Structures are given as structure tokens and as C-alpha cells.
Amino acid sequence: MILSALLTSVGINLGLCFLFFTLYSILRKQPINVPVYSPRLFAERKTQQQDYFNLERLLPSPGWVKRAWQPSEDQLLSISGLDVVVFMRMFIFCARVFTFASIIGVCVLLPINFLGNQLTDDISNLPTKSLESFSISNVNDGSNRLWIHFCAAYVFTGVVCYLLYYEYNHIALKRIAYFYSSKPQPHQFTILVRGIPNPAPSGRTFSQIVENFFTEYHPSTYLSHTVVRRTNKIRSLVNDAEKLYRRLGHLKSVNSRQTSKRDGCLGLFGRKVDLVDHYEKKLEDIEHNVRLEQSSFAGEEVPAAFVSFKSRFGAAIALHIQQGTNPTEWVTEKAPEPKDVYWPFFSASFIRKWICKIAAVVAYIALTILFLIPVVLVQGLTNLDQLETYLPFLKGVLRLTFVSNLITGYLPSLILQLFLYVVPPIMKAISSMEGYISLSQIEKSACTKLLWFTVWNIFFANALSGSALYLVNVLLEPKKIPSLLAAAVPAQASFFIAYVVTTGWTSLSSEILRLIPLLCSYFTRLFAGKDDNADDFEVPCMPYHSEIPRVLFFALLGVTYFFLAPLILPFLLVYYCLGYIIYRNQFLNVYAPKFETGGKFWPIVHNSTIFFLVLMHIIAIGIFGLKKLPLASSLTIPLPFLTLLFNEYCRKRFLPIFKAYPTECLIRKDRENQNDPTMTEFLEKLSTVYQDPALMPVQYSRSADGRSTPLLQPVDV
């Protein structure tokens with residue numbers, strides 16, 4: 001009878017549909033000879049495309065699951081890097097946490113909640129009981145059974161903290177081992193110097209000032225430098241040329257179509273011209289303009305330079321010691337990898353950077369406030385009485401069981417998810433305005449912004465009825481926060497269970513199915529006449545800024561609802577188990593890393609989990625107070641302080657390793673490279689490796705078969 005009530009409460013029909021869709025996605029064969037499903041293998045020429053239709057691809061087969069499971073963590077590290085390992089360790093950590101939580105929650109807390117009679121539901125009509133009957137709200141006020149929830153909160157906190165310590169230590173050791181095993185990298189020997197003093201009084205260039213300064217104060221370790229130049233105009237010309245080159249290549253691949261137009265307004269007036277000849281001439285003109293701009297850039301330096309040193313330890317000394325008496329001059333920061341550099345913001349002035357930072361903060365706040373509108377809409381759909389009041393003509397339809405389950409269970413999560421799809425690119429655009437010099441910094445900033453945006457707008461706004469004024473009143477009366485959360489959060493358990501199923505499970509299914517990329521690839525080949533060619537095929541990179549917040553948000557739901565409504569825990573455990581194997585497959589076959597942070601995303605995971613635990617403790621204090629068990633409420637107060645104390649220990653113990661490598665590691669690695677015969681050649685290349693791609697030599701020519709070669713190619717000089 002309990003199982004019947006559970007299935008009815010969560011909407012068995014919709015649950016089975018999503019489960020079937022997810023299982024089909026998992027068991028469906030992953031055709032590695034289709035570029036959409038294995039772009040990484042296709043670009044690396046480890047597989048070949050098959051154009052013929054094969055029905056066998058659509059038949060269920062778990063073979064790809066075995067292939068994704070087989071590689072060890074060290075093999076995954078060598079293939080994709082430490083960031084991928086950290087991402088997968090996040091799934092392992094969450095799976096371990098919610099395996100323990102599911103055992104305690106489902107086997108101990110759930111029966112205790114159900115056997116209470118605080119709510120007025122009739123136990124004889126079990127299948128119609130609401131989901132609140134399985135939450136802590138159904139336990140009688142003042143009942144001694146609440147002490148089991150109190151003990152569960154303490155035990156769960158201890159287990160989570162132990163697993164956090166274990167993972168932090170494991171990843172820190174992996175980070176050191178990854179550094180020792182890595183080949184010499186340019187960013188290990190290079191720093192970025194900003195705030196170079198104005199050369200106008202001395203009549204020297206920025207390049208001369210940098211060379212004189214580091215030759216004088218770092219004579220034994222200084223190697224070379226590259227001054228950053230303003231290249232906004234050149235970069236714009238290069239982008240136009242690349243678009244034109246792709247368009248020209250497309251025209252040459254569709255000889256059967258019309259390749260002429262009129263050169264007048266909107267292509268409707270003027271004389272007819274051949275498009276291929278027209279674009280080739282236009283491309284040559286752009287190439288000429290690029291070369292002219294590059295030749296005139298001798299004096300367009302900006303007060304920033306990449307300075308390289310002969311050793312990693314020499315670079316670390318220059319990085320961590322103030323260089324000049326004026327702290328606003330000779331400001332140093334760690335240089336990113338050459339392929340990770342974000343060039344557009346180097347040309348921005350000091351005033352423009354500050355204005356952009358302020359604009360980014362304002363945009364973030366505005367987006368957070370505006371997003372309350374769809375949250376209010378979603379909350380309206382979860383309340384049938386409110387819908388019947390505003391839409392009385394739908395009263396008869398809304399009383400149908402299937403319709404009411406669809407509107408209150410599935411539709412709100414779907415609407416919320418549709419609005420959430422536009423948020424990650426907006427967050428990334430906002431972060432790119434803040435003056436970061438690397439793509440990885442932009443990604444981390446967008447990840448943090450989206451995480452707290454999701455926590456505020458999806459968790460708090462939904463839990464607290466989605467009223468902006470009500471949320472402000474809560475913040476103005478902090479003493480009432482525990483009781484308000486204790487009253488509001490358990491009531492939204494059914495919504496968040498539906499959210500896990502509709503958003504979590506389906507996101508995994510869409511990740512493995514890759515339906516949108518498949519449709520885009522199909523229509524591109526159908527209407528644009530393009531083929532998937534490994535020469536110009538772009539391998540996607542993992543969108544950490546959107547995926548990490550999503551995974552952590554489900555962890556928030558699991559931690560906060562652990563003792564409030566433990567029915568959500570099995571759904572989360574299924575999500576993390578499926579996600580582990582699916583993302584393993586994606587990293588092996590689909591995604592290729594664009595940058596490597598060395599595992600710096602893990603502190604975000606750790607700090608977020610600490611916040612989730614403290615939030616659970618605050619809710620526990622409030623719920624025990626509402627349940628007329630003041631002693632349990634008082635004894636819970638030390639728990640958040642103990643958790644924060646543990647977090648402070650981890651911050652002192654592990655965080656410095658993620659900020660910079662210690663002297664022991666740097667000197668040991670430098671000594672290992674002293675006998676490396678390739679180091680001389682490597683150090684010689686450091687003087688050019690940080691050259692702006694917009695200043696690379698331009699080459700455009702025709703091969704013997706009449707086809708165009710790429711516009712931009714590095715030319716050996």
C-alpha cells in the first residue's frame with residue numbers, strides 16, 4: 001500500500017515515460033562513425049563516417065556502456081586532463097553521498113514520516129495521500145521520533161564532511177602528480193605584467209621598459225617578453241575574412257546551384273557578377289587590409305606584457321613578490337595557457353574595465369530579478385485553486401486527474417527549464433565583460449554566477465512562493481529565516497521531485513542522444529550542401545559553466561531534503577549513477593578540452609557543498625522549533641559552526657595547492673628538466689608563443705586544383 005501511494009504521489013504515468021526515454025537513450029547504440037556522436041574521434045581520425053543508413057544503430061545495445069566504463073581514472077586523466085577527472089569525481093562524490101542518504105532516508109526516515117498522523121489524510125485511503133505524508137511534516141509535534149531525524153542530521157553531516165575531505169585530498173594529490181608528469185608548458189614559465197609605467201617621459205617603448213626592468217632586477221632568471229598590442233581592428237578584419245572564406249568554400253562545393261548575383265542594393269540591382277570571383281576579389285582586398293594594419297602596429301602597444309623566465313621557480317618569485325614601490329605599477333598575475341588567452345580585453349583602458357565590471361554586476365542583478373517573473377508563473381501553475389480563480393472556464397478540465405497531474409507536476413518544470421536554457425550564455429557574456437584574460441577564468445566566473453543564480457531563483461524563489469517582495473521581507477528579518485524555510489521548503493518537495501525527473505533525467509537523455517546537434521548537422525548538410533569534413537570540423541568542448549551548476553543544484557536538493565522529504569533521494573541517486581557513465585562516454589568520444597585549469601573547479605564544488613550543509617542545518621533548527629522540540633533545535637545550533645570550522649581547516653590545508661604550486665614541486669620539476677635536451681628549443685620558442693593570433697602572418701593562395709587554402713596560416717620567418 002505504501003508503494004502504491006508513492007507511485008501515485010509522483011505521477012507514475014509521467015515517471016514511466018521519462019524512465020523509458022532515459023533507458024532507451026542509455027541502451028541505444030552510440031554510432032561512433034557519425035560525427036555528431038563522436039566528433040572527437042572523427043576529428044582525430046580514429047573513425048570514419050558512414051553515409052548509408054544502418055538500422056542496427058537504432059537497436060538497444062549496452063556495449064557502449066562497457067566501453068565507457070573500462071578506462072581507468074589515470075587513463076581518463078591522460079586522455080582529457082585533470083578538469084575532466086574533477087568533473088567525474090563530482091559525480092562519484094554525489095553518488096556516494098546519496099547512496100548513504102538513500103539507505104538512511106528511505107529505510108529509516110521515510111517510514112517514520114509516513115507513520116505519523118500530524119496531517120489529516122485518512123490512512124484508509126492510502127493511494128490518494130499527498131506527498132507531504134512522506135515528509136517530516138506528517139510527524140506529530142513534540143514526538144520523540146523527531147530525535148531520529150536529529151541524529152540523522154548529525155550522522156549525515158559527518159559522512160558528507162568525511163567524503164569532502166577524502167575527495168579534496170585525492171584531487172590535491174592528483175593535481176601534484178599531474179604537474180610532475182606534465183611536459184614543460186609555456187604558462188609554467190610565464191607571468192603577465194600589467195601597469196607598465198608610461199614610457200612617454202623617457203621616449204622609450206613599453207618593450208624597452210620591460211626588458212630594462214627585468215634585466216636589472218631578475219638578471220639570472222629573465223628570458224624574454226612579448227608586449228601586448230591593440231588588435232581590435234585587425235581581429236575584426238580576420239573574422240570577416242574567415243566568414244568570407246567559409247562562404248567561398250561553400251559556393252565551390254555547390255556547383256549545380258546558381259552562383260551569381262547583382263552587385264547593387266540588396267542584390268536586386270546592378271550588373272550580374274559571378275559570386276566566386278566576387279568573393280575571391282573581396283577576400284584578397286581584406287587580406288591586403290590585414291597586412292597593412294599589421295605593418296602599422298609598431299606603436300600600438302598597451303601597458304601589458306607576457307614575461308618568460310628560464311625556470312618555473314624564477315617565474316613564481318616574480319609572480320608573488322611586489323615588483324615596484326608603487327603597487328599599481330608592475331602588477332603581476334599568472335599567465336594562462338597560450339590557447340586559453342582571451343585577447344579582446346587586453347586593449348581595454350583602465351576606465352573601461354571598471355565601467356564594464358560595474359555594468360556586469362548591474363546586468364547580473366537585473367537578470368536575477370527579472371527571472372522571478374517565470375518563477376511566479378511556475379508557482380501559479382502548481383496551485384490549482386489559484387488557476388481556477390484566474391481561469392474559471394478551465395475548472396472542469398483542471399479537475400481531471402491526468403490534466404491536474406500534468407499541469408502541476410510536469411508543466412512547471414518544463415517551463416522553468418525552457419527559461420533556464422537562455423541563462424548560461426548570458427552569464428558567460430556577462431563574465432566576459434569583467435576583464436578576464438583567459439577563457440578558463442571566464443568559464444569559472446560564469447559557473448559561480450550561474451550556480452548562485454540557480455540556487456536563488458530556483459530553490460529559494462520557488463520555496464518561498466516566488467514573490468520578490470516576500471523574499472526581500474525574509475532578508476530584512478533574518479531571525480525568522482529558519483522558521484520560514486522550515487515551513488516553506490517541505491511544501492515544495494513534490495515540485496522538486498518532478499524537477500529532478502523532468503530536468504535531470506531528461507538532460508542526461510538529451511546529452512547522450514544529442515538530438516539538437518544531430519538535427520543541426522542534418523539540416524546543414526541538406527540545405528547548405530556541406531559535408532562533415534575532419535579538416536574544418538570543430539570539436540565541442542565541455543560547457544562547465546552550465547553543467548557544474550546543474551549537477552550541484554541537484555546536490556542542494558538532496559542535502560536539504562535528506563531528512564525533510566527523503567523520497568527525493570532515490571531519484572537523485574539514479575541521476576548521478578546514469579550521469580557518471582554518460583559523461584564518461586561524452587568525454588571519450590564527444591568533448592575535447594579547450595583549456596586546462598589543473599582541477600581548479602573542485603573548490604567551487606567543496607564550498608557549495610558546505611553551503612548546502614549549513615542551509616540544511618538552518619532548516620533543521622527551524623523545523624525542530626516548529627515541531628515543538630526546542631531541545632533538538634538548540635542542540636542543532638553547534639552543527640553549522642562545526643561544519644564551517646571543518647571548511648576553514650580544508651581551506652588552510654588544501655586551497656593553497658590549488659592557487660599555486662609549492663616551492664618543493666617547482667624546484668624538483670626544474671631539476672628534472674635540467675638534463676632534458678629539448679629544453680633549449682622549448683625556451684627559444686617562449687619568445688613567440690604568446691604572440692596575438694591577429695598578428696600572425698597572412699597567407700592566401702590557390703592550390704593546383706583551384707581550391708582555396710585557408711586565409712590565415714602561420715608562416716615560418
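## Exercises on surface, burial and salt bridges

The protein chain exposes about 34,600 Å², and carbon and sulfur atoms supply 62% of that area (Shrake-Rupley method, 1.4 Å probe; for residues, only the protein chains shown count as cover). The model is a predicted one, in which local features need pLDDT of at least 70 and side-chain atom pairs count only at pLDDT 80 or more, while totals for chains, interfaces and linings use all residues. Residues are numbered from 1 along each chain as its sequence is written, and side-chain values use heavy atoms, with hydrogens and water left out.

**Exercise 1.** Find what share of the 717 residues counts as buried, then place Ser-135.

*Solution.* Let's begin with the cut-offs: buried means under 20% relative accessible area, exposed over 50%, and partly exposed in between (1.4 Å probe, protein chains only). Of the 717 residues, 51% count as buried. Next, locate Ser-135 in the loop between helix H6 (82-115) and helix H7 (146-181); helices are DSSP runs of H or I with at least four residues, numbered from the N terminus. Ser-135 has a relative accessible area of 1%, so the residue is buried. Finally, list its contacts (heavy atoms within 4.5 Å): leaving aside residues up to four places away in sequence, Ser-135 touches Asn-113, Leu-564 and Ala-565.

**Exercise 2.** Work out which parts the salt bridge of Glu-167 and Arg-96 ties together.

*Solution.* A salt bridge needs a side-chain nitrogen of Lys or Arg within 4 Å of a carboxyl oxygen of Asp or Glu. For Glu-167 and Arg-96, the N to O distance is 3.2 Å. Glu-167 lies in helix H7 and Arg-96 in helix H6, so the pair ties together parts that are 71 residues apart in sequence. Now check the cover: Glu-167 is buried at 0% relative accessibility, whereas Arg-96 is partly exposed at 36%.

**Exercise 3.** Compare that with a salt bridge inside one helix, the pair Lys-669 and Glu-672.

*Solution.* The closest N and O atoms of Lys-669 and Glu-672 are 3.9 Å apart. Both residues sit in helix H29 (residues 663-673); they are 3 residues apart, so about one helical turn separates them. Lys-669 is buried, with a relative accessible area of 4%, while Glu-672 is partly exposed at 41%. Elsewhere, salt bridges that share partners join Glu-73, Asp-74, Arg-89, Arg-96, Glu-167 and Lys-174 into one network. Across the whole structure, a search finds 17 salt bridges.

Conventions. Helix = DSSP H or I, 4+ residues; strand = E, 2+ residues; numbered from the N terminus.
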